[in-house]
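Me: I am new to this structure and would like a close look at a single part of it. Please take the enclosed space inside the protein and what surrounds it, and go through it step by step.

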Amino acid sequence: MKVLLFNGSTRNNGCTYLALDQVAQTLRQAGIETELLQLGGKPVRDCLGCNRCAENGQCVFSEDVVNLWIRKARQADGFVFGSPVYFAHPTGQMLAVMDRLFYAGGANLQFKPGAAIASARRAGTTATIDQLQKYFTISNMPIVA
């Protein structure tokens, strides 16, 4: 069994990474293979709704992490998405990636369990978790709390 953990922060070793790393450690102790994937600080494009991904199963934009994450999701059994809270919601980069990931590669995530993590200094965690989990419900993914 393999679980992918997606870090939606632009900071490689920030609070979201630390939270995801704790989850990964717990999963590994239970004998579950994990891989933590980093969004990074590079620009991310929004989905254009061009629907070209329906033809070839990948996004037309190839300069960021989306197509890599689509390929990795194919082999995974579960997912944990983490994001810091930016102005009471997940990072814009994470939302753009998730839009494209779930639109172009949704078949690779469908019916597999998903969990969401939000890290924040103040308020906004509930809204962030809710927004991340909406992707799960649209894709018929069981939500792990």
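Reply: The lining of the largest cavity consists of 9 nonpolar residues, 2 polar residues and 1 charged residue. The model is a predicted one, and its largest cavity has a volume of about 90 Å³. The count of cavities of 30 Å³ or more comes to 1. The residues that line the largest cavity are Cys-47, Leu-48, Gly-49, Cys-50, Asn-51, Cys-53, Cys-59, Val-60, Phe-61, Arg-100, Tyr-103 and Ala-104. Helix α4 gives the most to this lining, with 3 residues.

That makes α4 the element to look at next. At 1.5 Å a residue, its 14 residues should span 20 Å, and the C-alpha atoms at its ends are 19 Å apart, which agrees. α4 is mostly covered, since 10 of its 14 residues are buried. The buried residues are Met-94, Leu-95, Ala-96, Val-97, Met-98, Arg-100, Leu-101, Phe-102, Ala-104 and Gly-105. Arg-100 and Ala-104 are thus buried in α4, and both also belong to the lining of the largest cavity. The buried residues of α4 pack against β1 (2–7), α2 (53–56), α3 (66–75), β3 and α5.

One of the buried residues of α4, Phe-102, leads on to the aromatic rings. The count of aromatic pairs comes to 7. Phe-81 and Phe-102 form a tilted pair, with 5.8 Å from centre to centre and 45° between the planes. Phe-81 lies in strand β3 and Phe-102 in helix α4, so this pair ties together parts that are 21 residues apart in sequence. Phe-81 and Phe-102 are both buried. Phe-81 also pairs with Phe-136: the ring centres are 5.7 Å apart and the planes stand at 45°, so this pair is tilted. Here the link runs from strand β3, where Phe-81 lies, to helix α5, where Phe-136 lies, so parts 55 residues apart in sequence are tied together. Phe-136, like Phe-81, is buried. Both pairs fall within one aromatic cluster, formed by Phe-6, Trp-69, Phe-79, Phe-81, Phe-102, Tyr-135 and Phe-136.

The cluster brings in helix α5, residues 125–138. At 1.5 Å a residue, the 14 residues of α5 should span 20 Å, and the C-alpha atoms at its ends are 20 Å apart, which agrees. In α5, Thr-128, Leu-132, Tyr-135 and Phe-136 are buried. Tyr-135 and Phe-136 are also members of the aromatic cluster. The buried residues of α5 pack against β3 (78–84), α4 (92–105) and β4 (114–119). The packing between α4 and α5 therefore appears from both sides: α5 is listed among the partners of the buried residues of α4, and α4 among the partners of the buried residues of α5.

Beyond the end of α5 comes a further segment, in which Ser-139 lies. Ser-139 has a relative accessible area of 7% and is buried. Setting aside residues up to four places away in sequence, Ser-139 touches Phe-102, Gln-110 and Phe-111. One of these, Phe-102, is the α4 residue that pairs with Phe-81. Asn-140, which also follows α5, has a positive phi, near 55°.

The open spaces can be set beside the enclosed one. The largest pocket has a volume of about 450 Å³. Its lining has 16 residues, of which Pro-84, Val-85, Tyr-86, Ala-120 and Arg-121 lie nearest its centre. Helix α1 (residues 15–29) supplies the largest share of that lining, 3 residues. By class, 9 of the lining residues are nonpolar, 4 are polar and 3 are charged.

The second largest pocket has a volume of about 260 Å³. It is lined by 17 residues, and Leu-27, Phe-79, Val-80, Ala-115 and Val-144 lie nearest its centre. Phe-79 is also a member of the aromatic cluster. α1, β3 and β4 each supply at least two residues of this lining, and β4 gives the most, with 4 residues. The classes here are 13 nonpolar, 3 polar and 1 charged.

Methods
Residues are numbered from 1 along each chain as its sequence is written. This is a predicted model: local features need pLDDT of at least 70, side-chain atom pairs count only at pLDDT 80 or more; totals for chains, interfaces and linings use all residues. Side-chain values use heavy atoms; hydrogens and water are left out. The expected span of a helix is 1.5 Å times one less than its number of residues. Buried means under 20% relative accessible area, exposed over 50%, partly exposed in between (1.4 Å probe, protein chains only). Contact means heavy atoms within 4.5 Å. On a 1 Å grid over the protein atoms alone, a cavity is a set of points where a 1.4 Å probe fits but cannot get out, and a pocket is an open set with protein on both sides within 12 Å along at least five of seven lines; lining residues have an atom within 4 Å of a point. Grid points are joined across faces, edges and corners, and a volume is the space filled by probe spheres set on the points. Ala, Val, Leu, Ile, Met, Phe, Trp, Tyr, Cys and Pro count as nonpolar, Asp, Glu, Lys and Arg as charged, and the others, Gly among them, as polar. Rings of Phe, Tyr and Trp (its six-membered ring) pair if their centres lie within 6.5 Å; planes under 30 degrees apart count as stacked, over 60 as edge-to-face and the rest as tilted.
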